[in-house]
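Here are a few exercises to work through with the model open beside you. Try each task before reading its solution.

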Amino acid sequence: VAAALHEWAESRGLTLSVHTYWDRTLYHPDDLPYHLYGKPSRTNGKSTAPQKEGDTRASSNSIGCNGGGRGEEGEEATSERGDGELQEGAASLPACVDLNPARFCDVPNVMTEFKKITQTSAPVRPPLPPPPALPPLPAPFNRAPSSSSSSSTQLSREQLFGELPASVMQVYEAAGAVPALRRLEELVGLSYRKLLEAEGEEQGKEEEEVGQQEQQEQQHAGPADPRTAFPFTGGHRSAQQRLRYYLWGAPSPVPQGLQQQPQPQQQQQQLRQQQGGLPDRMRQPACLRSTHHDAPVPGAAECGCPGAVGPGCTACLPPPPPSKQPPLLGFNETRAEAVGVDGSTKLSPFVALGCLTPRQIAHEVEQVRLAAAAGAVEACMTSPAAAAAAAAAVAAECDWLLMHLCIRDFFIFTALKNGEKMMGEGGIAGRTVSWSRDEGAFSRWARGATGLPFVDACMRELAASGWMSNRGRQNVASCVTKDLRVDWRWGAELFESLLLDSDAAVNWCNWNYFAGVGNDPRNRHFKTVTQGIKYDEGAVLAATWLPELAHLPPALRHQPWTMSEPE
């Protein structure tokens, strides 16, 4: 990213200062308890004592600062004039975070040890505040529109940034990777170009019938496939809305337009109700209820944004009315489910793209914890035992969610520790395994044609929507590595190409684990049929993504080979 920014500036006669900041993990690298991991961390002989955000004494990054989306390891770019004079505020930017692999040599190899030590000993820094204002653009880009100037002297967006890709095909063409797109389409059995072309044709037909503003809204109104378990648009505002809904509750988690299609989550809830209703722990406690639709979320602090309220941070958004049970209250109960919009937080794509940071999530989770405690204190006047139990249940779910953010940190720091070794055939552990290079078996797995309904439904869901549940990912990875014995790196690369929440560290470390070449001593082999029955009892996933099985009862959708001759 930094190189691209420098190239852009140089082509326009500018010099550019690119500065990185670290907000990719819940725990800052400078705050990790290295001395408790076994021995003090070695980083060029310098101390790794925690430093304040923006401390310019941090050592320089000897292996380069890899850029990510805004809010991860993003680039804070400050343009310089031709004479080298820095724009105002550039000199106060913090130094690069030290990402030398030697610094992380003592990070535990096993996740449980990392969680136990880090969660009890490392602080979580507050989220970085939004910038109060952006510095002015340098000349000639700061030229104000003038009625006296001709249109030829005005710089358009295309002149500033060049022509932006308008389709998947154009992205691959710009990267010189069209053969890769063709290979991907061949593997999964879908034509992404045709889908986009059809969408463009349909929009062209409607152009005469709707106004420009309405058409723009339709273009961004949700996903192309109504079956998806991730029915959200991208961007910071959508991320904040999802976060607030999941933690506090809101009237409707699904964008308008998808409600006409029955959602897998609704079918799962109907199944639970037939089996006796929701567990008590998943009911909304009184400490998080509100009788007013416009009641503010307890604990939401002022953001300090200048001027009018805007979308710059969490507090800038109006809190949703907690008119239903927040999905957070069932996190530990539903996080392993294979279907449903609210079966998991659905925050990982936003975090992977930098629309939301782990620290922002943690901050909001702590606000929920405080609100539950405050509500419990008020409710103690009538029912002390019930109030305390409700607050404890909320706190337990908060702990579960924060623990999963810590697990994500473990993968990132493990990747920083091991570098490209985690992408080698022998993985982090360097184990020698005889892998198959059977392209036919891999192709059947990739397009969802193995004959195992749970695996096939998960793979078709991934190809069509870019999403797959955590439980599904574990099972399909186990299938291709343990049952088919196909080179695990093929699976990792396919996931990296298709997942909405693709993150190199999380993706490759997980594949190391399931291929048996990671640090974890366990070598798991999942029974995919049993797993499908356990985590999707109603076979909703198979009914949704395998139309050839949709007419069968759940038991036969899980095991169609058990059908009798008359059936």
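**Exercise 1. The overall picture**

How many helices and strands are there in the protein?

*Solution.* Keep in mind that this is a predicted model. Start with the secondary structure: the protein has 21 helices and two strands. Next, turn to burial: of its 567 residues, 45% are buried. Then look at the contacts between residues at least 6 apart in sequence: 77% of them join residues at least 24 apart. Finally, consider the surface: about 28600 Å² is exposed, with carbon and sulfur atoms supplying 53% of it.

**Exercise 2. One helix and its surroundings**

Find out how α15 sits in the structure, and what follows just after it.

*Solution.* Begin with its length: α15 covers residues 453–465, and its 13 residues reach 18 Å from first C-alpha to last, close to the 18 Å expected. Now check burial, counting a residue as buried when its relative accessible area is under 20%. Among the buried residues are Phe 454, Asp 456, Met 459, Glu 461 and Leu 462. In total 11 of the 13 residues are buried, so α15 is largely enclosed by the rest of the structure. Just past the helix, Gly 466 takes a positive phi of about 80°.

**Exercise 3. Two helices that cross**

Describe how α13 and α18 are arranged, and which residues meet.

*Solution.* First, the geometry: the axes of α13 (residues 384–418) and α18 (residues 504–515) come within 8 Å and cross at roughly 90°. That makes α13 roughly perpendicular to α18. Second, the partners: Arg 408, Phe 411, Ile 412, Thr 414 and Ala 415 of α13 meet Ala 505, Val 506, Cys 509 and Asn 510 of α18. Third, sort the residues of this contact by type: six are nonpolar, two polar and one charged.

Terms used: Residues numbered from 1 in each chain as written. Predicted model: local features only at pLDDT ≥ 70, side-chain atom pairs only at ≥ 80, totals over all residues. Heavy atoms only, no water. Axes fitted to C-alpha atoms, helices over the stretch in contact; angles between N-to-C directions. Helix = DSSP H or I, 4+ residues; strand = E, 2+ residues; numbered from the N terminus. Parallel < 35°, antiparallel > 145°, perpendicular 65-115°, else oblique. Contact = heavy atoms within 4.5 Å. Nonpolar A, V, L, I, M, F, W, Y, C, P; charged D, E, K, R; others polar. Buried < 20%, exposed > 50% of the residue type's maximum accessible area, 1.4 Å probe, protein only. Areas by Shrake-Rupley, 256 points an atom, 1.4 Å probe, with all protein chains shown as cover. Expected span 1.5 Å × (residues − 1).
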